[in-house]
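Trainee: I would like to go through how the helices pack in this model and where empty space is left. Shall we take the structure piece by piece?

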Amino acid sequence: MKPGALKRVPLNLAALITFVVMIFPVYWMLLTAFRPAKEIGADTPKFLPSSLTFEHFKSAVDVKNFWDYWTNSLLVAIGGVGLSLVIACFAAFAVARMQWPGRAQFILMVFIAQMAPWEALMIPMFLIGRDQDLLNSLPFLTAIYFVMTLPFAIVTLRGFLGNIPVELEEAARVDGCTRFGAFRRVVFPLLAPGLLSTSLFGFITAWNEFAFANALLFSDPKQQTLPKWLNDFSNGLTVDWGATMAAASLFMLPVLLIFLVLQGKVSGGLTSGAVKG
């Protein structure tokens with residue numbers, strides 16, 4: 001074995017242990033979702049399934065208003081993240097490319113908003129929703145998710161814009177493009193990896209959010225989201241662990257599929273050779 005390879009053994013071992021620790025809860029969730037109910041509460045746990053069943057998934061999907069929950073989660077997550085990407089794209093461009101009074105203060109304000117615990121704003125948000133008659137309203141929850149993901153989107157896209165050579169925009173403007181035309185034709189295509197990664201993390205944040213959805217959407221079952229649906233499998237006295245794990249598996253599926261589709265594009269560095277030629 002080469003000396004360099006021998007030095008990497010502890011790092012590889014640490015990476016393997018970290019992977020096992022991180023993946024085991026997911027494995028146990030899937031195992032419980034497919035395991036028969038009589039085996040879930042067994043005194044001696046088994047780490048390999050003796051038989052598989054889909055009854056827990058049927059119980060999860062048969063919950064009343066399941067498809068309403070699913071549709072609502074998609075609407076508020078996609079709506080909130082989509083709005084934040086549009087605003088953040090122009091805000092990040094203004095911060096990264098332009099000089100204007102108050103620019104430094106604006107950046108500081110964005111960072112402070114990013115660090116603020118959103119749970120601390122739950123009571124003010126609830127009072128605003130109550131006073132404006134916006135409780136039990138999906139548009140209001142979408143607006144909250146927009147505000148939650150906007151600072152992160154601005155910070156992230158500002159970093160991506162900083163890695164795009166400004167000479168490309170200048171060359172486009174010399175060729176006759178306006179500033180907006182140079183952004184649309186040159187910068188925006190090169191910003192695609194940043195937009196994809198930002199949208200992915202923003203979607204995960206909005207998709208998984210429970211506290212605001214539970215506090216603001218409480219009276220109409222058809223106006224609630226999937227995290228609330230997950231909470232329905234516990235009645236305070238007992239928990240249907242099989243159905244809960246099946247529901248959690250279904251809840252994880254869209255994010256997993258989106259990540260598998262986008263991960264190759266997100267990791268690509270499209271600007272690495274942009275000024276060569």
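Mentor: Yes; keep in mind that this is a predicted model. Start with a contact: Tyr-145, Met-148, Thr-149, Phe-152, Ala-153, Thr-156, Leu-157 and Phe-160 in helix 7 meet a set of residues in helix 10, namely Pro-193, Gly-194, Leu-195, Ser-197, Thr-198, Phe-201, Gly-202, Thr-205 and Ala-206.

Trainee: How many charged residues has the contact of helix 7 with helix 10?

Mentor: Sort the residues of this contact by class. Ten are nonpolar and seven are polar. The number of charged residues in the contact is none.

Trainee: Are helix 7 and helix 10 roughly parallel or roughly antiparallel to each other?

Mentor: Helix 7 covers residues 138-162 and helix 10 covers residues 192-208; their axes lie 10 Å apart, at an angle of about 155°. Angles over 145 degrees count as roughly antiparallel. The two helices, helix 7 and helix 10, are therefore roughly antiparallel.

Trainee: How are helix 8 and helix 9 placed relative to each other?

Mentor: Helix 8 (residues 166-174) packs on helix 9 (residues 179-190) with axes 9 Å apart and an angle of about 140°. An angle has to be over 145 degrees to count as roughly antiparallel, and 65 to 115 degrees is roughly perpendicular. Helix 8 and helix 9 are therefore oblique.

Trainee: Which residues of helix 9 make the contact with helix 8?

Mentor: Helix 8 brings Leu-168, Glu-169, Ala-172 and Arg-173. The contact of helix 8 with helix 9 divides into six nonpolar, no polar and three charged residues. From helix 9 come Arg-179, Ala-182, Val-186, Val-187 and Leu-190.

Trainee: Now the empty space. Which charged residue lines the largest cavity?

Mentor: One cavity of 30 Å³ or more is found in the whole structure, and the largest cavity holds about 40 Å³. Its lining includes Val-95, Ile-107, Val-110, Phe-111, Ile-154 and Val-155, with helix 5 (103-115) and helix 7 each giving two or more residues. By class, the lining has six nonpolar residues and one charged residue. That charged residue is Arg-158.

Trainee: Which helix gives the most to the lining of the largest pocket?

Mentor: The largest pocket has about 160 Å³ of space, and Met-29, Ile-204, Trp-207, Asn-208, Ala-248, Phe-251, Met-252 and Val-255 line it. Two elements give two or more residues, helix 10 and helix 13 (241-266). With four residues, the one that gives the most is helix 13.

How values were computed. Residues are numbered from 1 along each chain as its sequence is written. This is a predicted model: local features need pLDDT of at least 70, side-chain atom pairs count only at pLDDT 80 or more; totals for chains, interfaces and linings use all residues. Side-chain values use heavy atoms; hydrogens and water are left out. Axes are lines fitted to C-alpha atoms, for helices over the stretch in contact, and angles run from 0 to 180 degrees between N-to-C directions. Angles under 35 degrees count as roughly parallel, over 145 as roughly antiparallel, 65 to 115 as roughly perpendicular and the rest as oblique. Contact means heavy atoms within 4.5 Å. Ala, Val, Leu, Ile, Met, Phe, Trp, Tyr, Cys and Pro count as nonpolar, Asp, Glu, Lys and Arg as charged, and the others, Gly among them, as polar. On a 1 Å grid over the protein atoms alone, a cavity is a set of points where a 1.4 Å probe fits but cannot get out, and a pocket is an open set with protein on both sides within 12 Å along at least five of seven lines; lining residues have an atom within 4 Å of a point. Grid points are joined across faces, edges and corners, and a volume is the space filled by probe spheres set on the points.
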